[in-house]
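Let's take a walk through this one together. Have the sequence and the model open side by side, and follow along as we go.

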Amino acid sequence: MHSSRAIRLLITIATAAALRPLIIFGRPGAGKSTIAERLVAHPDANAYNLDLDVCVPQWMRDNFAKGVYPTLAERRGFSSGAA
């Protein structure tokens with residue numbers, strides 16, 4: 001997906017669900033921070049950027065080091081706990 005289209009999609013989602021968090025998951029170097037920064041900088045965005053790396057539990061960090069990434073259920077659990 002072209003990056004500007006992705007940003008528009010995120011802005012649309014953020015606007016439609018203004019009271020719900022939008023958490024961007026991805027591997028290191030995938031562009032998560034770039035997308036989040038552009039989303040927050042957009043004039044129509046009512047959003048802020050919070051880096052959730054400080055909330056990542058040790059077991060998840062250990063798995064990242066092994067190249068093992070969370071399942072969808074684990075991501076949902078993390079999202080609920082971080083929100």
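Start with F25, which comes out as partly exposed, at a relative accessibility of 32%. Keep in mind that this is a predicted model, so every value here is computed from predicted coordinates.

What does F25 pair with? Its ring sits with its centre 6.3 Å from that of F78, and since the planes are at 65°, the pair is edge-to-face; the cut-off for that label is over 60 degrees. In total the structure holds 2 aromatic pairs. The F25–F78 pair ties together distant parts of the chain, 53 residues apart: F25 is in the loop between α1 (3–16) and α2 (32–41), while F78 belongs to helix α4 (residues 72–82).

Now compare how the two partners are covered. F78 has 12% relative accessibility, so it counts as buried, the limit being under 20%. F25, with its 32%, lands in the partly exposed class.

Stay on helix α4 for a moment, because S79 lies there too. S79 counts as buried as well, with a relative accessibility of 18%. Setting aside neighbours within four places in sequence, S79 is in contact with I23 and F25. That brings us back to F25, the residue whose ring pairs with F78.

Next, go over to helix α3 (residues 58–65), where you'll find F64. Is F64 buried or exposed? Neither, quite: F64 is partly exposed, with a relative accessible area of 32%. Once neighbours within four places in sequence are left out, the contacts of F64 are V56, Y69 and P70. You can also check F64 against P28: the two are 36 residues apart along the chain, and their C-alpha atoms are separated by 9.6 Å.

Time to zoom out. The chain has 4 helices and 0 strands, so the order along the sequence reads simply α-α-α-α. How much of the chain is buried? Of its 83 residues, 14% count as buried, and we have already met F78 and S79 in that class.

As for contacts across the sequence, take those with a separation of 6 or more: 37% of them are between residues 24 or more positions apart. On the outside, the chain exposes about 6400 Å², with carbon and sulfur atoms supplying 55% of that area.

Note on methods: Residues are numbered from 1 along each chain as its sequence is written. This is a predicted model: local features need pLDDT of at least 70, side-chain atom pairs count only at pLDDT 80 or more; totals for chains, interfaces and linings use all residues. Side-chain values use heavy atoms; hydrogens and water are left out. Helices (H or I, at least four residues) and strands (E, at least two) are DSSP runs, numbered from the N terminus. Buried means under 20% relative accessible area, exposed over 50%, partly exposed in between (1.4 Å probe, protein chains only). Contact means heavy atoms within 4.5 Å. Rings of Phe, Tyr and Trp (its six-membered ring) pair if their centres lie within 6.5 Å; planes under 30 degrees apart count as stacked, over 60 as edge-to-face and the rest as tilted. Accessible areas come from the Shrake-Rupley method with a 1.4 Å probe; for residues, only the protein chains shown count as cover.
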